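Please find below a colleague's note on the structure, set out as numbered points. The remarks concern strand pairing, side-chain interactions and selected single residues.

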Amino acid sequence: MPASVLVPIVMREQPTILLTERTTHLSTHSGQIAFPGGKVDEEDADALATALREAREEIGLDPAFVQVLGVLPHYMTGSAFVITPVVALLEPGFVLTPNAHEVADVFEVPLEFLMNPAHHHRHAFEWQGVRREWFSMPYQDDRTQRFIWGATAGMLRNFYRFLSA
């Protein structure tokens, strides 16, 4: 199933990545930390259109504050999503209005923290005879502990590898 996410880098004095916490009642990936994004709709012209539409729907992000840099390689999830990560810069001054049905919280994590491999924890387990591996990037902000894992952590790890190449 094709999908796109926005990987929004907020251009603060110390750049951050804007993330969401999904509400717990959603049918897929409930309660998880995620980039704004979702499934491709028929009317979406491309991955960028999907990412911008989903960011507007989920967190009320005005595309006027977004400067797209490009896309990362597709990311395939265990739940059969083929995700195109769209990397973009966000100019400060935006006002967000999260969709309460989909988004429990919106927060920022320092880019420096996420791009530090010391914070990239590798996990593995065997399920139904298949070895599964994933990354996590636990982050403590001034309000709460955030457990960034799964596809979001995997795409962040790919972003780190891209920047390190």
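1. In the pairing of β9 with β10, Trp127 stands opposite Val130, a residue of β10. The model under discussion is a predicted one. Strands β9 and β10 run antiparallel and are joined by seven bridges. The hairpin that they form has two residues between the strands, and Gln128 adopts a positive phi near 50° there.

2. The next connection is the hairpin from β10 to β11, which passes through four residues. Strand β10 covers residues 130-140, and five bridges join it to β11 in an antiparallel arrangement. Two of the partnerships can be named. Met137 has Ile148 of β11 as its bridge partner, and Pro138 is matched in β11 by Phe147. As a general remark, side chains in a regular strand alternate between the two faces of the sheet.

3. Taken together, these strands make up an open sheet of three, ordered β9-β10-β11 and paired in antiparallel fashion. The edges are formed by β9 (121-127) and β11 (145-149), each of which pairs on one side only. On average, neighbouring strands of this sheet are turned by 35° against each other, with direction ignored.

4. What lies across β10 and β11? The element in question is helix α3, residues 150-164, and its direction is at about 80° to that of β10.

5. Arg146 deserves a point of its own. Its side chain meets that of Asp105 in a salt bridge, with an N to O distance of 2.7 Å. This pair links distant parts of the chain, since Arg146 belongs to strand β11 and Asp105 to strand β8, 41 residues apart. Both Arg146 and Asp105 are buried. Arg146 also forms a salt bridge with Asp141, where the closest N and O atoms are 3.4 Å apart. Asp141, like Arg146, is buried. In addition, Arg146 lies over the face of Phe107, at 3.8 Å from the ring centre. Arg146 thus takes part in a salt bridge with Asp105, in another with Asp141, and in an arrangement over the ring of Phe107.

6. How many salt bridges does the structure hold? The count is nine. A network of them links Asp41, Asp44, Arg53, Glu54 and Glu57. Within this group, the side chains of Arg53 and Glu54 meet at 3.1 Å, N to O. Is Glu54 buried or exposed? Glu54 has a relative accessible area of 9%, and because this is under the 20% limit, Glu54 is classed as buried. Arg53, with a relative accessible area of 15%, is buried as well.

7. Three aromatic pairs are counted. One of them is formed by Phe65 and Phe94; the geometry is edge-to-face, with 6.5 Å from centre to centre and 75° between the planes. Phe65 lies in the loop between α1 and β5 (66-71), while Phe94 lies in the loop between β7 (82-90) and β8 (103-110), so the pair ties together parts that are 29 residues apart in sequence. The two rings fall into separate accessibility classes: Phe65 is partly exposed, with a relative accessible area of 26%, whereas Phe94 counts as buried at 13%.

8. Thr20 is placed in strand β2, which covers residues 16-22. Its relative accessibility is 0%, so Thr20 counts as buried. Leaving aside residues up to four places away in sequence, Thr20 touches Gln32, Ile33, Ala34, Phe35, Pro36, Ile59, Val103, Asp105, Val106 and Phe107. Two of these contacts lead back to point 5: Asp105 is the salt-bridge partner of Arg146, and Phe107 is the residue whose ring face Arg146 lies over.

9. Where does Glu43 lie? Glu43 is found in the loop between β4 (37-39) and α1 (47-59). With a relative accessible area of 61%, Glu43 is exposed. The C-alpha atoms of Glu43 and Gly150 are 28 Å apart in space, and the two residues are 107 apart in sequence.

Methods:
Residues are numbered from 1 along each chain as its sequence is written. This is a predicted model: local features need pLDDT of at least 70, side-chain atom pairs count only at pLDDT 80 or more; totals for chains, interfaces and linings use all residues. Side-chain values use heavy atoms; hydrogens and water are left out. Buried means under 20% relative accessible area, exposed over 50%, partly exposed in between (1.4 Å probe, protein chains only). Contact means heavy atoms within 4.5 Å. Two strands pair if DSSP finds at least two bridges between them. Axes are lines fitted to C-alpha atoms, for helices over the stretch in contact, and angles run from 0 to 180 degrees between N-to-C directions. Rings of Phe, Tyr and Trp (its six-membered ring) pair if their centres lie within 6.5 Å; planes under 30 degrees apart count as stacked, over 60 as edge-to-face and the rest as tilted. A charge sits over a ring if NZ of Lys or CZ of Arg is within 6 Å of the ring centre and within 35 degrees of the ring normal. A salt bridge is a side-chain nitrogen of Lys or Arg within 4 Å of a carboxyl oxygen of Asp or Glu.
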